[in-house]
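Some labels in a structure description rest on cut-offs. The questions below ask what stands behind them.

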Amino acid sequence: MTGLHWTFDALDREISAAPPERLSTIIAALSARIAAASARLLAMPTVGSGRTTGPDENLDIAEAARRLGVSRDWLYRHAKGLPFAVRVGRRLVFSARGLERWNQMRQGR
């Protein structure tokens, strides 16, 4: 944890010293790292869910919207911020396991 603490201190100094026009670049880099960490967490098998840890399933937009209780339009608009959403060419698919974990995290389970 000591190395991680040092990294956060260095990051805090970098943010404080950065000129305002560079902050958007820093925020974008941090967002990418948050998304990568979230994707790793969401890809982990769900413990205690009663589900097997077999291969993940790609859900289409209609099924993902149904499972989340949101509209397809909402999913299209927010896909870039959802760590379980994946673009395959022009097609948008959703990790079933990632969607389940994300939904559980949002519900505080």
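What follows is a set of questions and answers on strands, burial and aromatic pairs.

Q: What kind of model is this, and how are its residues numbered?
A: It is a predicted model, in which local features need pLDDT of at least 70, side-chain atom pairs count only at pLDDT 80 or more, and totals for chains, interfaces and linings use all residues. Residues are numbered from 1 along each chain as its sequence is written, and side-chain values use heavy atoms, with hydrogens and water left out.

Q: What makes strand 3 largely enclosed by the rest of the structure?
A: Buried means under 20% relative accessible area, exposed over 50%, and partly exposed in between (1.4 Å probe, protein chains only). In strand 3, residues 91-95, 4 of the 5 residues are buried, so the strand is largely enclosed. Strands (E, at least two residues) and helices (H or I, at least four) are DSSP runs, numbered from the N terminus.

Q: Which strands pair with strand 3, and in which sense?
A: Two strands pair if DSSP finds at least two bridges between them. Strand 1 (residues 58-59) pairs with strand 3 in the antiparallel sense over 2 bridges, with N58 opposite S95. Strand 2 (residues 85-88) also pairs with strand 3 in the antiparallel sense, over 4 bridges, and there A85 stands opposite F94. The hairpin of strand 2 and strand 3 has 2 residues between the strands, and G89 takes a positive phi near 65°.

Q: Why does F94 count as buried?
A: F94 has 0% relative accessibility, so it counts as buried. F84, at 1%, counts as buried too.

Q: Why is the pair of F84 and F94 called tilted?
A: Rings of Phe, Tyr and Trp (its six-membered ring) pair if their centres lie within 6.5 Å; planes under 30 degrees apart count as stacked, over 60 as edge-to-face and the rest as tilted. The centres of F84 and F94 are 6.1 Å apart and the planes lie at 50°, so this pair is tilted. It links F84, in the loop between helix 4 (72-78) and strand 2, with F94 in strand 3, 10 residues apart.

Q: What is the geometry of the pair of F84 and W102?
A: This pair is also tilted, at 5.1 Å centre to centre with 55° between the planes. W102 lies in helix 5, 18 residues from F84. F84, F94 and W102 form one aromatic cluster.

Q: How do you know that helix 5 is mostly covered?
A: In helix 5 (residues 96-106), 8 of the 11 residues are buried, among them L99 and W102. W102 has 14% relative accessibility and therefore counts as buried.
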